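Biologist: I'd like to learn how to read strands and ring contacts in a model like this one. Can we put it on screen and go through it feature by feature?

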Amino acid sequence: MKFLILPLLFAAATLAAATPDAKGFIRDWLVAGPYPSYQVKGNGDGYKTDLLAHQGGEAGIRPFEGMRDTALFRADKAKLIAGIGSTNEWGFIENREIPVVWTPFHAEGEKPDLVFDKRFLPIDDYMVIYSVCYIESPAERKIKLRIGADDDFKVFLNGKLAGGSNTSQGITPDAFLYEATLKRGLNVLVMKLVDRTHGCGFCLAVSDQSGNPITDLAIRLDDPARNAMRRDQLKQLPAASDGGFYMDTAAAGRFSGSNTVTVTVGGEKKETLQAALTLLRRGEKTVEFRKELKLPAEWRETVTLEPGIYTCRLTLPGAVLEDSFEIFAPAAVAKRNEELKKQHGEWRKKLAAEQKKQQELDDANARLTREHDALYAETEAAYAGLRQRNRGGKECDSIDAPLPDAPVSALRRRILLSGDNWLIAPEGKENWSRVSFPRTHFDRYFRTYYY
C-alpha cells in the first residue's frame with residue numbers, strides 16, 4: 001500500500017535564496033518524516049535516537065529536495081498474543097514501511113509556525129520530523145537561535161548540537177534561546193522535532209546577541225555546491241562555498257614532509273581573478289601563495305608540512321573559503337595500526353563468545369515458544385466446550401470469588417471468569433445492564449484493543 005506524504009505548502013524548487021522575515025523567523029525549510037518515536041516505559045525514544053545514522057547522522061545531514069528514505073514502524077506480535085488488537089503506537093498489526101521524501105515547506109501567513117498536524121498520515125503522533133535549511137551569512141557573527149517547539153526538539157548548527165529540550169509544550173516563539181555562531185559563507189541548520197500527541201510543529205528565528213532580528217541572511221533549500229558539482233562535473237560535493245564560489249582541498253601523501261596540496265576552485269561564472277591561498281596550523285599562518293586563476297581551476301602547491309591539522313584558506317574577491325586536512329607522522333600511524341590490530345583480535349574473540357551466547361538464547365527461545373504454543377492449544381481446547389455451553393445462559397453460575405454488596409437486581413453474586421455475560425453499571429449507580437465479552441474499545445491514540 002502506498003502512502004501520500006502531504007507538504008504544508010509547496011515552495012519553489014530553485015536555488016534562489018529566501019530571507020528571514022522582518023522578525024528574523026526562517027519560513028523556508030526542507031522537511032522529512034515521519035520517523036517512529038517508540039514509547040519505552042512511558043517515554044518516547046525518538047529524542048535520543050539518531051534516525052538518520054544510515055545517511056551520515058542527523059547532525060551532519062546535507063539533504064536536497066527529493067532525497068528519499070524509508071522509515072520502518074515495527075509491530076510487537078507479543079501484544080497480539082496478549083489479546084490486544086494493535087501491536088504498536090499507530091495501530092499496526094504488522095511491520096509497515098513508510099516512504100520519506102525531503103520536501104520544501106514554507107510557513108505562510110501571519111504566524112511563522114511550521115505545523116505538521118495531519119501532514120504525514122497515517123502517522124500523526126509519536127513521530128520524528130527533521131527540517132533543514134542552508135544559511136549563507138555575509139560575515140561571521142554571534143547569534144541567538146530563538147525557538148518555539150511542540151514537543152521535544154534538538155537543533156544542530158554546522159554539525160554541532162546548539163540546544164534542545166526533552167519536554168512537551170505548545171509552539172511559543174522565543175520559548176528557548178541558544179547562543180551560536182554563524183560562520184561566513186554556508187551554514188547548515190538542522191531542526192529535529194519529536195511529537196508526542198496532539199499538535200506538532202515549530203518556529204525558529206535568528207537574532208543578534210541583543211535580540212535584534214537578523215534579516216540579511218540567504219536561506220536556501222540546497223547546498224549551492226551541489227549545483228556546482230553538477231555544472232563542473234566534480235567527483236564529490238565541494239567542502240566549502242561562499243559568494244557563488246566553491247573549493248575543495250586534498251593533500252597528496254598526508255604524511256609529514258613534502259606534500260602536494262591541491263585546491264579545486266570554481267564559481268558561477270567562468271572568469272579570471274586574483275586569489276590568495278593560505279595554510280594555517282593551530283591558527284598561525286605557515287605559508288601563503290598568490291596567483292591569478294581562470295575558473296574553474298586546480299591550484300597545486302608543493303610544501304613541507306609537519307604533523308597536525310591544517311586550515312586551507314582561499315581568499316577571492318568578495319569571498320573567503322576554508323577547508324581542512326590532517327598531516328600524520330609515519331611512526332605514530334604505524335604504532336596506531338599495531339594497536340588497532342591487537343584490539344581487532346580481542347573484539348573478534350568477544351564477538352565469537354557473544355555469538356555463542358546468542359545461539360544458546362535462540363535455542364532456549366525456540367524451546368519455550370514450542371512449550372507455550374502447546375499449553376495455549378491445550379487451554380483453548382479445554383475452554384472451547386465450556387464457552388460454547390455457557391454462551392448466553394444462566395448456567396454460567398459456577399466459580400470464583402463472591403461479589404460482596406451486589407444489588408438485588410444482579411443476576412449473580414459470583415464472578416464468572418470463564419463466562420461471557422456480565423452485568424455492568426457506572427460507579428455509584430443502580431442502572432445495571434447486560435454486556436457480552438470480549439468487548440472492543442477504540443482509543444484515539446492507541447487504536448483498537450479487546451477486553
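Modeller: Let's start with what counts as a pair: two strands pair if DSSP finds at least two bridges between them. Keep in mind that we are looking at a predicted model.

Biologist: Okay. In what sense do β17 and β18 pair, and over how many bridges?

Modeller: The general idea is that strands of a sheet pair through backbone hydrogen bonds, either parallel or antiparallel. Here β17, residues 245–252, runs antiparallel to β18, residues 257–267, and 8 bridges connect them. For one spot to click on, take Tyr 246, which faces Gly 266 in β18.

Biologist: What is the strand order in the sheet that holds β18?

Modeller: Reading across, it goes β16-β17-β18-β21, an open sheet of 4 strands with antiparallel pairing. The edges are β16 (240–242) and β21 (297–305); each has a single partner strand, so one side of each lacks a neighbour in the sheet. On average, neighbouring strands in this sheet are turned by 25° against each other, ignoring direction.

Biologist: And what is the order of the sheet with β19 in it?

Modeller: That one is β20-β19-β22-β23, again an open sheet of 4 strands paired antiparallel. Its edge strands, β20 (284–294) and β23 (319–327), pair on one side only. From one strand to the next, the twist averages 20°. Inside it, β19 (residues 272–281) and β22 (residues 308–316) run antiparallel and are joined by 6 bridges. Thr 278 has Arg 313 as its bridge partner in β22.

Biologist: Let's try a hairpin. Which residue takes a positive phi in the one made by β10 and β11?

Modeller: That's Asn 158, with phi near 55°, in a hairpin that has 2 residues between its strands. β10 pairs with β11, residues 160–165, in the antiparallel sense over 5 bridges. Phe 153 has Ser 165 as its bridge partner in β11.

Biologist: Now the rings. How many aromatic pairs does a search of the whole structure find?

Modeller: It finds 10. One of them is Phe 153 with Phe 176, edge-to-face, at 4.9 Å centre to centre and 65° between the planes. Phe 153 belongs to β10 (residues 152–157) and Phe 176 to β12 (residues 176–182), so this pair ties together parts 23 residues apart in sequence. As for how to read those two values, a pair of aromatic rings is described by the distance of the centres and the angle of the planes.

Biologist: Are Phe 153 and Phe 176 buried or exposed?

Modeller: The cut-off for buried is under 20% relative accessible area. Phe 153 is buried at 0%, and Phe 176 counts as buried at 17%. Phe 153 also pairs with Tyr 178: the centres are 6.2 Å apart and the planes at 65°, so that is edge-to-face. It links β10 to β12 across 25 residues. Tyr 178 is buried, like Phe 153.

Biologist: Which residues do ring pairs link into a cluster?

Modeller: Trp 29, Phe 105, Phe 116, Phe 120 and Phe 202.

Biologist: Last one: where does the charged end of Arg 96 sit?

Modeller: Over the ring of Phe 92, 3.9 Å from the ring centre. You can look up another such case at Lys 350, whose charged end sits over the ring of Trp 347, 4.6 Å from its centre.

How values were computed. Residues numbered from 1 in each chain as written. Predicted model: local features only at pLDDT ≥ 70, side-chain atom pairs only at ≥ 80, totals over all residues. Heavy atoms only, no water. Axes fitted to C-alpha atoms, helices over the stretch in contact; angles between N-to-C directions. Phe/Tyr/Trp six-rings, centres within 6.5 Å; stacked < 30°, edge-to-face > 60°. Buried < 20%, exposed > 50% of the residue type's maximum accessible area, 1.4 Å probe, protein only. Lys NZ or Arg CZ within 6 Å of the ring centre and 35° of its normal.
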